[in-house]
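Colleague: I should like to look closely at one part of this protein with you, namely the way its helices pack and the spaces left around them. Please take me through it step by step.

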Amino acid sequence: MITIFVHRNGGTEEAQSIDRAWLDSASDVLLWVDLAAPSIPESLVLSNTFAFHRLSVEDAMSKLQYPKIEPYDGYLYVILHGIGFRAGEHGFVTHDVDFFLGRNFLVTVHDGHSPSIDELRGHCPRNASILGEGPVALFHRIVDSMVDQYRPEVEKLEDALDDIEKAVFERPTPALVREILDQKRDVSSLRRVTTPQRDVIGRLARREFADISIEMAFRFRDVYDHLVRLNDEALIFHDRITGILDAHLSSVSNRLNEVMKVLTVVATIFMPLTLVSGLYGMNVALPRFPGGDAAQFWWLFGICAGVVVVMLALFRRRRWV
């Protein structure tokens, strides 16, 4: 689907087609063309109408490209990623948004899943200043909104880490390791998303390109600061999830040590009892305790009970139990 907005004479309106005269650098018309999940015939707008370079058109039509910014003759080509989170699949997913930024036009290409562009596209006919400030300002609005979409997703991840942290100390289960590793994958996914975005916006903030004015560089610097904070939070989350995993493994190891200690105490106590019962279970003549045949059992029982009490007292004194 192609959506065309034209700003002229102080107003913004939606157009059905593109007049090639609007693309003249001397024209006062400002143009925004949005291609949402474009078909092959619709993509000809890029190569035939705007005459963009073949390589940039191929990148724009491909499904997934690494974030980057490249200057071409008469325009800048920028690839950025919108973000989404699939809790059931554990991982952040990204959607390519391609920008062709010229002196008096902006062309956006995406797969149809861009809340930032959808929102601005709805407001553009009613608010002339959105496109009236120029293509670079419109580009900044879209990018700023895309970066703002990261915040709620990061907060969801932070809440999930809080829940896991509580579970490690309050209700640890064998399945908790799997959940911790899933969250670690989410954190790694977030870092893969934010780091390249930061580098692209950083080049815009440093005014490496003549089309970016000082005022717009300041605006992009603000977006860059947001991405830096997001990247720093991703690093903190990575360290935090590593600490949670270490704490969980330590807790499991401590519980295993407690179990092994109890079993060792039981086995140690039964060793002398087994020796006594083994000796007096042999079919050979052994020294008899005072009393008749029935008293022999109670003598052995008393000896075994005394051994147990003495050993438990010794273990308690040494703080083994």
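Colleague: Is the crossing of α6 and α7 left-handed or right-handed?

Modeller: The model is a predicted one. In it, the crossing of α6 and α7 is left-handed. The axes of these two helices lie 11 Å apart and make an angle of about 155°. Angles over 145 degrees count as roughly antiparallel, and α6 and α7 are therefore roughly antiparallel to each other. From α6, the contact takes Tyr-150, Val-154, Leu-157, Ala-160, Leu-161, Ile-164, Ala-167 and Val-168. From α7, the residues that take part include Leu-176, Ile-180, Val-187, Leu-190 and Val-193, together with Glu-179, Asp-186 and Gln-197. By class, the residues of this contact are 13 nonpolar, three polar and two charged.

Helix α6, which covers residues 150–170, also packs against α5. Here the angle is about 10° and the axes are 4 Å apart. Angles under 35 degrees count as roughly parallel, so α5 and α6 are roughly parallel to each other. The contact joins Met-146, Val-147 and Asp-148 of α5 to Tyr-150, Arg-151 and Pro-152 of α6. Four of the residues in the contact of α5 with α6 are nonpolar and two are charged, while none is polar. Tyr-150 thus takes part in the contact of α6 with α5 and also in that of α6 with α7.

Helix α5, residues 135–148, has a further partner in α3, residues 115–123. Their axes come within 8 Å and cross at roughly 135°, and the two helices are therefore oblique to each other. The contact is formed by Ser-116, Ile-117, Glu-119 and Leu-120 on the α3 side and by Leu-138, Arg-141, Ile-142, Ser-145 and Met-146 on the α5 side. These residues divide into five nonpolar, two polar and two charged. As for handedness, the crossing of α3 and α5 is right-handed, whereas that of α6 and α7 is left-handed.

The same region brings us to an enclosed space. A search of the whole structure finds one cavity of 30 Å³ or more, and about 50 Å³ of space lies in the largest cavity. Its lining consists of Leu-80, His-81, Val-143, Met-146, Val-147, Tyr-150, Gln-197, Ile-201 and Leu-227. Several of these names have appeared already: Met-146, Val-147 and Tyr-150 belong to the contact of α5 with α6, and Gln-197 belongs to the contact of α6 with α7. Strand β5 (75–85), α5 and α7 (176–205) each supply at least two residues of this lining. The largest share, three residues, comes from α5. Seven of the lining residues are nonpolar, two are polar and none is charged.

Helix α7 contributes to an open space as well, for α2, β6, β7 and α7 each supply at least two residues of the lining of the largest pocket. About 430 Å³ of space lies in that pocket. It is lined by 23 residues, and those nearest its centre are Lys-63, Leu-64, Thr-94, His-95 and Asp-96. Strand β6 gives the most to this lining, with five residues. The classes here are eleven nonpolar, seven polar and five charged residues, whereas the lining of the largest cavity has no charged residues.

Terms used
Residues are numbered from 1 along each chain as its sequence is written. This is a predicted model: local features need pLDDT of at least 70, side-chain atom pairs count only at pLDDT 80 or more; totals for chains, interfaces and linings use all residues. Side-chain values use heavy atoms; hydrogens and water are left out. Axes are lines fitted to C-alpha atoms, for helices over the stretch in contact, and angles run from 0 to 180 degrees between N-to-C directions. Angles under 35 degrees count as roughly parallel, over 145 as roughly antiparallel, 65 to 115 as roughly perpendicular and the rest as oblique. A crossing is left-handed if the near helix is turned anticlockwise from the far one by less than a right angle, and right-handed if clockwise. Contact means heavy atoms within 4.5 Å. Ala, Val, Leu, Ile, Met, Phe, Trp, Tyr, Cys and Pro count as nonpolar, Asp, Glu, Lys and Arg as charged, and the others, Gly among them, as polar. On a 1 Å grid over the protein atoms alone, a cavity is a set of points where a 1.4 Å probe fits but cannot get out, and a pocket is an open set with protein on both sides within 12 Å along at least five of seven lines; lining residues have an atom within 4 Å of a point. Grid points are joined across faces, edges and corners, and a volume is the space filled by probe spheres set on the points.
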